[in-house]
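Notebook open, model loaded. I want to look at the aromatic rings to begin with, then work outwards to the strands and the core.

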Amino acid sequence: MRILAVLLITVAMAWGPMAFAHSEQRASVPAEGAQLEVPPPVIEIGFDDPMRIISVTLTRATGDAYEVAPRSGRSATDTLSVDLPELPAGDYRFEWRGLATDGHAMSGELEFSVTGN
C-alpha cells in the first residue's frame, strides 16, 4: 500500500504541471519596447500553443485608438497577426485577450515607439 501511495504521488507530481500549463507568449515583432524609425506594417505575436483571440486594441499615448483586427478572426492560432494602418510618430500600446486551448483567459500587451515616418 505504501508503494502504491508513493507511486501515485510521483505520477501526480510529474503530470501536475502539464495539466495546469497555459499557453505562453513567445517572441513578438516588433519586440517589446522597440524604437522604430518607420511604423511596422504588422504586429505578430507567437504562442507556444494555439490561442483563440477574443480582442485586440492599439492605442497611442495621446489617447488615439486605431481599429485593428487579427487576421485569424476568432479562430485558434499559434501566431497572432494584425495588419496596422499607417501610424504617425508616437508611443503605442497593443493589447490582446484570448482563450487558451485549456479554456483559461489570457492577455498580454506590447509597447513600442515610432520615431518618424
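Aromatic pairs. This is a predicted model, and I counted three aromatic pairs in it. I pulled up Phe47 and Trp96: they form an edge-to-face pair, with 5.0 Å centre to centre and 75° between the planes. The two rings come from distant parts of the chain, as Phe47 sits in strand S3 and Trp96 in strand S6, 49 residues apart.

Are these two rings buried or exposed? Phe47 has a relative accessible area of 5%, so I put it down as buried, the limit being under 20%. Trp96 is at 3% and therefore buried too.

Next I looked up Tyr66 and Tyr92, a tilted pair at 5.9 Å centre to centre with 55° between the planes. Tyr66 belongs to strand S4 (residues 65-66) and Tyr92 to strand S6, 26 residues apart, so I noted another link between distant parts of the chain. Both tyrosines are buried. With Phe112 added, Tyr66 and Tyr92 make up one aromatic cluster.

Strand S6. Which side chains of S6 point to the buried face? I went along the strand and found Gly90, Tyr92, Phe94, Trp96, Gly98 and Ala100 on one face, buried. Asp91, Arg93, Glu95, Arg97 and Leu99 point to the other face and are not buried. That is the textbook picture: side chains in a regular strand alternate between the two faces of the sheet.

Neighbours of S6. I checked the pairing with S3, which is antiparallel over nine bridges; Ile53 has Gly98 as its bridge partner there. S7 also runs antiparallel to S6, joined by ten bridges, and Trp96 stands opposite Gly108. S6 and S7 form a hairpin with four residues in between, and I noted a positive phi of about 90° for Gly103 in the turn.

Core. The largest nonpolar core has 23 residues, and Val56, Leu58, Leu80, Phe94, Trp96 and Phe112 have the most contacts inside it. S3 (42-60), S5 (76-83), S6 (90-100) and S7 (105-114) each supply at least two of its residues. The largest share, seven residues, is from S3. I clicked on Phe94 and listed what it touches beyond four places in sequence: among them are Ile43, Ile45, Val56, Leu58, Val68, Leu80, Val82 and Leu110.

Whole chain. I logged one helix and seven strands, in the order α-β-β-β-β-β-β-β. Of the 117 residues, 33% count as buried. Among contacts between residues at least 6 apart in sequence, 63% join residues at least 24 apart.

Conventions: Residues are numbered from 1 along each chain as its sequence is written. This is a predicted model: local features need pLDDT of at least 70, side-chain atom pairs count only at pLDDT 80 or more; totals for chains, interfaces and linings use all residues. Side-chain values use heavy atoms; hydrogens and water are left out. A nonpolar core is a set of buried Ala, Val, Leu, Ile, Met, Phe, Trp, Tyr and Cys residues joined through side-chain atoms within 4.5 Å. Buried means under 20% relative accessible area, exposed over 50%, partly exposed in between (1.4 Å probe, protein chains only). Contact means heavy atoms within 4.5 Å. Two strands pair if DSSP finds at least two bridges between them. Rings of Phe, Tyr and Trp (its six-membered ring) pair if their centres lie within 6.5 Å; planes under 30 degrees apart count as stacked, over 60 as edge-to-face and the rest as tilted.
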